Amino acid sequence: CARPWHCHCTSGWTGSSCTIPCSGQKFGQNCAKTCTCRNGASCSRFTGTCTCTAGWRGTSCDQQCPSGTYGMGCTQCSCKNGASCNLVNGTCNCTSGWRGTSCDQQCSNSTYGIGCFQCSCKNGASCSSVTGACTVLLDGEKRLVISIVPAGVTALGAHNALAKME
């Protein structure tokens, strides 16, 4: 200290005896500088360097990881078949008709949609793994014979098509 109760603290410290660590968004000598970290990033009380939270990058952690990447350091996702990747933990959000950790397994013959719901096809009709629509071979041609549209699944015109078939 230059004189009693007047110290020039080294980086990361403040207070009359330089015993109080910088806190909050402050850093540097006497904690005189303000950090620029964003999105929950931590700030070094000594240098002001930001440590980004999962899903963020950049000097101030103000840029999201690019599409197809996630986590600390923006690691490449393993999602397949058009699935989106959770920016924080890399979990794949499968598109309709796919399942599995990486969305690399097609829904089985009797399931469909996001989550592979059980189809309601009868009399040997096959089920679309994407929409759940039932098709059957008639006169050697594949034909839509009924369209089951469960809650949460959108099928444009399915209700009208079903009404015309009845």
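**Serine 102 and cysteine 103**

I looked up serine 102 and read a relative accessible area of 15% in this predicted model. The cut-off for buried is under 20%, so serine 102 counts as buried. I placed serine 102 in the loop between strand 13 and strand 14. Setting aside residues up to four places away in sequence, I listed what serine 102 touches: Ser78, Cys79, Lys80 and Cys92. I then took the C-alpha separation of serine 102 and serine 84, which is 10.0 Å for two residues 18 apart along the chain.

I went on to cysteine 103, which lies in the loop between strand 13 (98-99) and strand 14 (105-106). I noted a relative accessible area of 0%, so cysteine 103 is buried. I also recorded a positive phi of about 60° for cysteine 103, although the residue is not a glycine.

**Asparagine 81**

I found a positive phi at asparagine 81 too, near 55°, again in a residue other than glycine. I located asparagine 81 in the loop between strand 10 (75-76) and strand 11 (84-85). Is asparagine 81 buried or partly exposed? I read 37% for its relative accessible area, and asparagine 81 is therefore partly exposed.

**Alanine 41**

I turned to alanine 41, in the loop between strand 4 (33-34) and strand 5 (42-43). Its relative accessibility is 9%, so I entered alanine 41 as buried. Leaving out residues up to four places away in sequence, I found that alanine 41 touches Cys50, Thr51, Cys52, Thr53 and Cys61. I also checked alanine 41 against aspartate 62: the two are 21 residues apart in sequence, and their C-alpha atoms are 9.3 Å apart in space.

**Serine 60**

I placed serine 60 in the loop between strand 7 (56-57) and strand 8 (63-64). Which residues is serine 60 in contact with, leaving aside its neighbours within four places in sequence? I listed Thr36, Cys37, Arg38 and Cys50. Cys50 had also appeared in my entry on alanine 41. I read 16% relative accessibility for serine 60, and the residue therefore counts as buried.

**The hairpin of strands 17 and 18**

I examined strand 17 (residues 126-127) and strand 18 (residues 134-138), which pair in the antiparallel sense over two bridges. Within this pairing I noted that cysteine 127 stands opposite cysteine 134 in strand 18. The two strands form a hairpin, and I recorded six residues between them. In the turn I found glycine 132 with a positive phi of about 85°.

**Aromatic rings**

I searched the whole structure for aromatic pairs and obtained one. The pair is tyrosine 112 and phenylalanine 117, with ring centres 6.2 Å apart and planes at 50°, so I classed the pair as tilted. I then compared the accessibility of the two partners. Tyrosine 112 counts as buried because its relative accessibility is 4%, whereas phenylalanine 117, at 45%, counts as partly exposed.

I made a separate entry for tryptophan 13. The charged end of arginine 45 sits over the ring of tryptophan 13, and I noted 4.4 Å from the ring centre.

**The protein as a whole**

I recorded one helix and 19 strands for the protein. Of its 166 residues, I found that 30% count as buried. I noted about 10,500 Å² of exposed area, 53% of which is supplied by carbon and sulfur atoms. I also looked up how contacts are spread along the chain: among those between residues at least 6 apart in sequence, 8% join residues at least 24 apart.

**Confidence**

I closed with the confidence values. The average pLDDT of the protein is 83, and 80% of the residues score at least 70. Over residues 148-166 I found the pLDDT below 50. I counted 15 contacts for this stretch in the model, beyond near neighbours in sequence. Where pLDDT is low, the predicted coordinates should not be read in detail. I have therefore left those contacts without individual entries.

Technical notes:
Residues are numbered from 1 along each chain as its sequence is written. This is a predicted model: local features need pLDDT of at least 70, side-chain atom pairs count only at pLDDT 80 or more; totals for chains, interfaces and linings use all residues. Side-chain values use heavy atoms; hydrogens and water are left out. Helices (H or I, at least four residues) and strands (E, at least two) are DSSP runs, numbered from the N terminus. Buried means under 20% relative accessible area, exposed over 50%, partly exposed in between (1.4 Å probe, protein chains only). Contact means heavy atoms within 4.5 Å. Accessible areas come from the Shrake-Rupley method with a 1.4 Å probe; for residues, only the protein chains shown count as cover. Two strands pair if DSSP finds at least two bridges between them. pLDDT is the predictor's confidence in each residue, from 0 to 100. Rings of Phe, Tyr and Trp (its six-membered ring) pair if their centres lie within 6.5 Å; planes under 30 degrees apart count as stacked, over 60 as edge-to-face and the rest as tilted. A charge sits over a ring if NZ of Lys or CZ of Arg is within 6 Å of the ring centre and within 35 degrees of the ring normal.
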